[in-house]
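Here is a short briefing to read alongside the model. Keep the viewer open and follow the helices and charged pairs as they come up.

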Amino acid sequence: MNQDHQDNDSTRTHVILTKGTKVDHYNILERIGAGGMGEVYLALDTNLNRRVALKFMSAVHATDNDLRTRFTREAQASAALSHPNIVHVYEVSEFMGRPYFAMEHIEGKSLYHYSHDDPQPISRILEIAIGICEGLSKAHQMGIVHRDIKSANIILDSDGHPKILDFGLATLKGSSKITKVGSTIGTAAYMSPEQADGKEVDHRSDLFSFGVVLYELIAGRTPFKRDSEPAMLKAIVSDAPEPVARFKSGVPDGLQGIIDKALEKDVRMRYQSAADMLADLLREKRMMDSGVSSPSRIGSGVGRGQTSPVRRLAISGGVIAVLVVVALVLKPWKFEITPTDEAQATENRMAVMYFDNLIDPA
């Protein structure tokens, strides 16, 4: 068997990673997760004496050049980002033919847990959403689209701060595209309509997926949940989600408006940047903290079925003006002026006139 054939033989033996296995300057402590393209292990960095997470590409996929490229790209995308709401990647390497990267180890649970098993109050959900949006804004500014934003890919650390991880499907500006147009990637329940249709996506697709996560945090379920994946994808493309108020009480109209805009089918009607969505979330949080009931207002408009404060003031002023005109026309009172210029009001009547301060000529 020649060397090239050996290098591409997916059946060759590989080292099983167990507790105590030494990988470069890392000592494996335990396996903490698996799924998708690889496995994640908790390890000790012996150089810096700190715990890290090592993400290995699965042995089955390690011989697929396209998948290896995608896996490496995940590390590159993550390493390019430095933000408190994004998991930090320390280095990229390879061990016994399996690519891996070392990243920050986060003690905490995913948003999926908080969505389904430990529901949070609205004020806390807004805090979490603001942190996620700040992380997305940073990634988008650097030309990185995540393409797989979902509750399982966001962890709350021990301090309660959200951290976005797993940029395995991310696209870097200027990098070659691995996934062909016409195919779908990502997780079905969180896909944008353009993703579900296999079309080209940009950063606005992430904002749709984030809208799904926000909906799920409030409602305890995704907005397009159906009995099958094909039915779910069809719903994403054509069905309007039910209001979150059906699943949780006390949801401000403004927050519903933010979700509605994030989940717009038409990408042109959706939020055009994470910064815009962040501004609305911050405004909503400020109003909630101040105890002000928020009308639904997104950007320069208002949410459906809602009236802005300025419009309500204008309506009130108009009503008052109409009442004044009616009073002047109908004159529900009468007044009489005698020849001696004395205003004498009859019983149950009102006398109104202007007086001049005149000096007696005598």
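Two residues are in contact here when heavy atoms of theirs lie within 4.5 Å. By that rule, Gly254, Leu255, Ile258 and Ala262 of helix 8 touch Met277, Asp280, Leu281 and Glu284 of helix 9. Please bear in mind that this is a predicted model. The protein has 10 helices and 11 strands, and the points below start with the whole chain before turning to helix packing and salt bridges.

**Overall picture**

- Of the 362 residues in the protein, 43% are buried.
- The accessible surface comes to about 20000 Å², and carbon and sulfur atoms account for 52% of that area.
- Among contacts with a separation of 6 or more, 60% join residues that are 24 or more positions apart.

**Helix 9 and its partner helix 4**

- Helix 4 covers residues 122-141 and helix 9 covers residues 274-289; their axes come within 9 Å and cross at roughly 160 degrees.
- Angles over 145 degrees count as roughly antiparallel, so helix 4 is roughly antiparallel to helix 9.
- The crossing of helix 4 past helix 9 is left-handed.
- On the helix 4 side, the contact includes Ile122, Leu126, Ala129, Ile130, Cys133, Leu136 and His140.
- On the helix 9 side, the residues taking part include Ala274, Met277, Leu278, Leu281, Leu282, Lys285 and Met288.
- Glu127 of helix 4 and Lys285 of helix 9 both belong to this contact, and a network of salt bridges links Arg124, Glu127, Lys285 and Asp289.

**Helix 9 and its partner helix 8**

- Helix 8 spans residues 253-262, and its axis comes within 10 Å of the helix 9 axis, with a crossing angle of roughly 165 degrees.
- That angle makes helix 8 roughly antiparallel to helix 9.
- Here too you will find a left-handed crossing, with helix 8 passing helix 9.
- Met277, Leu281 and Glu284 of helix 9 are among the residues that meet helix 8, and these three also appear in the contact with helix 4.

**A salt bridge between distant parts of the chain**

- The whole structure holds 18 salt bridges.
- One of interest joins the side chains of Lys55 and Asp166, with N and O 3.3 Å apart.
- Lys55 sits in strand 4 (residues 50-57), while Asp166 is in the loop between strand 10 (162-164) and strand 11 (171-172), so the pair ties together parts that are 111 residues apart in sequence.
- Is Lys55 buried or exposed? Lys55 counts as buried because its relative accessibility is 11%, and buried means under 20%.
- Its partner Asp166 is partly exposed, at a relative accessible area of 23%.

**Two further salt bridges to look up**

- Arg268 pairs with Asp266, and their closest N and O atoms are 2.8 Å apart.
- Arg268 is exposed at 65% relative accessible area, whereas Asp266 is partly exposed at 27%.
- Lys199 and Asp197 meet through their side chains in a salt bridge with an N to O distance of 3.9 Å.
- Lys199 is exposed, its relative accessible area being 53%, and Asp197 is partly exposed at 42%.

Definitions and conventions
Residues numbered from 1 in each chain as written. Predicted model: local features only at pLDDT ≥ 70, side-chain atom pairs only at ≥ 80, totals over all residues. Heavy atoms only, no water. Salt bridge = Lys/Arg side-chain N within 4 Å of Asp/Glu carboxyl O. Helix = DSSP H or I, 4+ residues; strand = E, 2+ residues; numbered from the N terminus. Buried < 20%, exposed > 50% of the residue type's maximum accessible area, 1.4 Å probe, protein only. Areas by Shrake-Rupley, 256 points an atom, 1.4 Å probe, with all protein chains shown as cover. Axes fitted to C-alpha atoms, helices over the stretch in contact; angles between N-to-C directions. Parallel < 35°, antiparallel > 145°, perpendicular 65-115°, else oblique. Left-handed = near helix turned anticlockwise from the far one by under 90°.
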